[in-house]
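Me: I am new to this structure and would enjoy a close look at just one part of it. Please choose a stretch of helices, and show me how it bends, what it packs against and what lies around it.

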Amino acid sequence: MPTSTNGAADRLWLHFSRIAESGDDRLVTMERGEGAYVYDTQGRRYLDGLSGLFTVQVGHGRRELADAAAAQAGTLAYFPLWAYAHSPAVALADRLVELAPDGLDRVFFTTGGSEAVESAWKIARSYFLLKGEPERYKVIARNLAYHGTTLGALAITGLPGLKEPFAPMLNGATRHAVNTHQEHSLAAADDIERIILEEGPDTVAAVFLEPVQNAGGAFVPPEGYFARVREICDRHGVLLVSDEVICAFGRLGDWFGASRLGFRPDLLTFAKGVTSGYSPLGGVLVGDHIVEPFKEATASFLHGITFGGHPVSCAVALANIDLMEREDLPGRVREHEGALRAALDTLADLPLVRDVRGMGYFYGIELAADGAQLSPTQREWLVRQFLGRRLLQEGLHCRADDRGDPVIMVAPTLICGPAEFEEMRAILRTVLEQAWKELPAA
Ligand SMILES: Cc1ncc(COP(=O)(O)O)c(C=O)c1O
């Protein structure tokens, strides 16, 4: 059997990547992690400034999470949640409901975020069918917002570039309102109402919003935004879904983003940080009022996933939550978020930096050419050719992203503090200074 020629990914198909660039010997292959750092197969060390992919809240190499996985695999490695329960899922559901915003009293488990988003949409749709409102199936989300890549989640995603190739497979049941960067005022909430009215309120099932929107670069909503959205949803009988695949489990300095921002969703999707990535898991926290019609004798939710709520993942999530509680990682984020912001703000004098925004351990650094928009050639060079590679060469993993305006996303593990922020700041400055010198003409 032929094997990969140079230790690179000749056989492995990387996600969201160009095959032309992934099979060469410049590809970095990670091998192990320890604390805030990961190490590649050459033994080079990188500060993980993105928590893998907004996931590794407790840092790398935490033995007790690996031990929890091994213990569960040795006790009951697998059983489905189809008509049976298993102990770790029962315990984790209890634990999540205790931590969640009031009123979210039941958990439907999946294996990841896209499935959580699709499950939430299907729960909303099924809820309205049971309530005798069969016309309500549409979803409203926001421009640029990323809610996943499977077809249902992709329909909710507001990134035309990701959707266009698959447009015939998406069914036109979703609309997108302005995000809080396009319109940083309560008018952004009113745009959701405008769309509800255009579509006909009794056709809209749900609004999907991240507490702080990732794609586009950590859009923090203006004061009062979610209160206004809540009011609008209540007025029109539309469900509010908080997509917290990124924003939960301490990322914004609380267990859930809705708790930190003080709003009350009807459903809440989570994934990533629930296990700190030590095993895949996602799910939907569902309001008791939404579950109510499913309690009728013959009602059932026609949806399930073989590995949803996998016992090993649930055991890992319980150990992860124990660890986060013991080390008070959400509290640590609140304590140090100002220092992270201050470190990143020092980059604002660079000609390539237009804005620094975010909260908790979740920031976007928006890039521009001395205040002017980067040309397509400059974006391609900066985001796709230069930044990712140079940042890694300097020992920092974070993410250059141009799904909206070009940004560098920074989301360190929650164990990081001022020393790691300083290391990030120094590398970002070096690399952005060099990028400015080498930036191609517009
Ligand atoms: C807000 C949000 N929703 C959904 C998803 C999809 O999650 P997954 O990649 O686990 O399917 C993501 C992934 O980054 C996300 O950020």
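Reply: Helices (H or I, at least four residues) and strands (E, at least two) are DSSP runs, numbered from the N terminus. The model is a predicted one, in which local features need pLDDT of at least 70 and side-chain atom pairs count only at pLDDT 80 or more, while totals for chains, interfaces and linings use all residues. Residue numbers start from 1 along each chain, following the sequence as written.

Let me begin with the ligand, as a landmark. Helix α5, residues 113–130, gives the most to the shell around the ligand, with three residues; a residue belongs to this shell if its C-beta atom, placed from the backbone, lies within 6 Å of the molecule. The shell holds 14 residues, and the closest are G112, G113, S114, G148 and V245.

Now for the part I would like to show you: helix α13, with α14 and α15 as company. Helix α13 runs over residues 329–345, and its 17 residues should span 24 Å at 1.5 Å a residue. The expected span is 1.5 Å times one less than the number of residues. The end C-alpha atoms of α13 are 23 Å apart, which agrees with that expectation. Even so, the helix is bent: find H336, where α13 turns by about 45°. Such a bend is the angle between axes fitted to the seven residues ending at a position and the seven starting there.

H336 is also one of the buried residues of α13, along with L329, P330, V333, L340, A343 and L344. Buried here means 20 or more other C-beta atoms within 10 Å of the residue's own, exposed means 12 or fewer, and partly exposed lies in between, with C-beta atoms placed from the backbone. In general, an α-helix has 3.6 residues a turn, so residues three or four places apart point the same way.

What covers the buried residues of α13? The cover includes helix α12 (311–326), helix α15, and the strands β11 (353–359), β12 (362–367) and β15 (407–410).

Let us follow α15, residues 418–438, back to P418, which lies in that helix. P418 touches H336 and A339, leaving aside residues up to four places away in sequence; a contact means backbone-placed C-beta atoms within 7 Å. This brings us back to H336, the site of the bend in α13. P418 itself counts as exposed because it has 12 other C-beta atoms within 10 Å. For a sense of distance across the model, the C-alpha atoms of P418 and S126 are separated by 47 Å, with their positions 292 residues apart along the chain.

Helix α14, residues 376–393, makes a good companion to α13. Its 18 residues should span 26 Å at 1.5 Å a residue, and its end C-alpha atoms, 24 Å apart, agree with that. A kink of about 45° is centred on F386. The buried residues of α14 are Q378, L382, V383, L387 and L391, and they pack against β12, β13, β14 (399–401), β15 and α15. After α14 comes G395, whose phi is positive, near 95°.

One last stop involves R384 and a residue from far back in the sequence. R18, in the segment before α1 (19–22), is 366 residues from R384 in sequence, yet their C-alpha atoms are 10.0 Å apart in space. R18 counts as exposed because it has 9 C-beta neighbours inside 10 Å.

Notes. Contact = placed C-beta atoms within 7 Å.
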